[in-house]
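The following paragraphs lead through the overall build of a protein, from its general dimensions to the contact between its parts. Please keep the sequence and the model in view while reading.

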Amino acid sequence: MATKRSRSTVIRVGVIGVGRGSGFARGAGPSLGMKLVALCDTWEERLLKVGKELGVTTYTDYDTFLEHDMDAVILANYFHQHAPFAIKALRAGRHVMSETAACFTLAEGVALVREVEKRGKVYMFAENYPYMAFNQEMRRLYHDGKIGEFKYGEGEYVHPMSARDVNSISCGVNHWRNWLPATYYCTHALAPVMFITDTRPVKVNGFVVPYDAHDPVKAGHTAMRSDTASMIALRMDNGAVVKLLQVGLRGHGNFVRIHGNRGLMENLRHGNQSLLRVRIEPFEKKPSEVAEQVYAPNFPVFAEAAARAGHGGGDFFMNYHFAEAIRKDEPPYLDVYRGVAMSIVGSLAYRSALADSAPLEVPDFRKEAARRTYEHDDWSPDPTTRRPPDPWPSVLGDITPTKAGLAYARKVWRELGYGGE
Ligand SMILES: NC(=O)c1ccc[n+]([C@@H]2O[C@H](COP(=O)([O-])OP(=O)(O)OC[C@H]3O[C@@H](n4cnc5c(N)ncnc54)[C@H](O)[C@@H]3O)[C@@H](O)[C@H]2O)c1
């Protein structure tokens, strides 16, 4: 393993991807003992703008960027391309923090865990949702035994957007957001449940709400060709059952619900959704306990800095835990095994949905036997690399964007200065 670093040693960081990556770049500052030193993106106009604002060296080529003198790389490039970029960075001797997803295929998951073990560098999966205040509080309560043993949970990440907003973050017909199957963006729903309860998924059933040709936003005004939403049923390694719901339905919300055999915890579904409800039944509560409490939990540490950061404070804790893991030379909680386990649920759930929602095993890549089974499994719905028996991005098959949808999407892309198709 790499040598431990003292608190005074600055961690020099490079970021690839100046969309979401700009947030990491701005957060990698002296208060966390980090220093942003380089940025990389193929979209040169945007890159130069952010590079000038932050006063750092810029690169359009990832291999050249990796030669920059730095300690760590944060990956915020395309959703489906993180594993190969992580592997290159590890081979170049850099610590890695990777945005969602950690890997796109199961073979990539195997290759990634092997590379992290081989290189001895810190790898962190940048799932920010577990670090929202109500999720950190639920973890604390769960480990205090407040609700007993975990039996059933729900994670929801429902994120409808206007057509203009969708198009502005999906530039190009083949941008991943225009074709990503509805099960793949599942880690925002799953990560909090795993974090609170320290459980892992072992079985998955996937269900997909198909592409809606009458949706005036998606079909009428975008180039999207994937399904509306997905529901994923999981069996966890302690026997608990979990339901995940994600992406494009109407009714925006990010909810987590944990039932134990002594009580329930959940963030509120209406009003102030960052409030936490904790319930113990009156017939079995201790005399000192309140049957039902609703309150605003705070962050356990760094409340002020976290409150200023994006995604309910979660973004602050990504850079913080990454820096801590590097300094202590210890894997972070969101290590490569958890990151890969969460990410492959999205792929396996899509396979299940295409097989009438049949149950599938979620392999545990901490075990060599599981790695050998999946090391060549490159099944992928990416339409740009498709070869049979790869699936189409929708359970309905090969969807063609509507003429009107494509025309409006291209109008928005041109306004943003995107020159491609
Ligand atoms: N955790 C969260 O809350 C959250 C929020 C938003 C996005 N994300 C994740 O962050 C990642 C990036 O998303 P985004 O919204 O910024 O959109 P995006 O996918 O459009 O941005 C990716 C950026 O990487 C650049 N890029 C792609 N390939 C490259 C290459 N080979 N070399 C250099 N640059 C390259 C693109 O030009 C683009 O600017 C995704 O994985 C997404 O899932 C996470």
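For a chain of 421 residues, a compact globule would have a radius of gyration near 22 Å; the protein has 21 Å, and the overall form therefore agrees with that of a compact globule. It should be kept in mind that this is a predicted model. Taken along the principal axes, the box filled by the C-alpha atoms is roughly 65 × 55 × 45 Å. Of the 421 residues, 47% count as buried.

The secondary structure consists of 14 helices and 15 strands. Many contacts link parts of the chain that are separated in sequence: among contacts between residues at least 6 apart, 70% join residues at least 24 apart.

The protein is divided into two domains. Domain 1 covers residues 11–125, whereas domain 2 is assembled from residues 133–303 and 335–374. The centres of domain 1 and domain 2, taken over C-alpha atoms, are separated by 26 Å. Where the domains meet, domain 1 contributes 18 residues to the contact and domain 2 contributes 17.

On the side of domain 1 that touches domain 2, the elements giving two or more residues are the helix α5 (106–119) and the strand β6 (123–125). Of these, α5 gives the most, with seven residues. What is the make-up by class of the side of domain 1 that touches domain 2? This side has 13 nonpolar residues and five polar residues, and no charged residues.

Technical notes: Residues are numbered from 1 along each chain as its sequence is written. This is a predicted model: local features need pLDDT of at least 70, side-chain atom pairs count only at pLDDT 80 or more; totals for chains, interfaces and linings use all residues. Domain bounds come from an automatic or database domain assignment. Two residues are in contact if their C-beta atoms, placed from the backbone, lie within 7 Å. Helices (H or I, at least four residues) and strands (E, at least two) are DSSP runs, numbered from the N terminus. Ala, Val, Leu, Ile, Met, Phe, Trp, Tyr, Cys and Pro count as nonpolar, Asp, Glu, Lys and Arg as charged, and the others, Gly among them, as polar. The radius of gyration is taken over C-alpha atoms; the globule rule is 2.2 Å times the number of residues to the power 0.38. A residue is buried if 20 or more other C-beta atoms lie within 10 Å of its own, exposed if 12 or fewer, and partly exposed in between; C-beta atoms are placed from the backbone.
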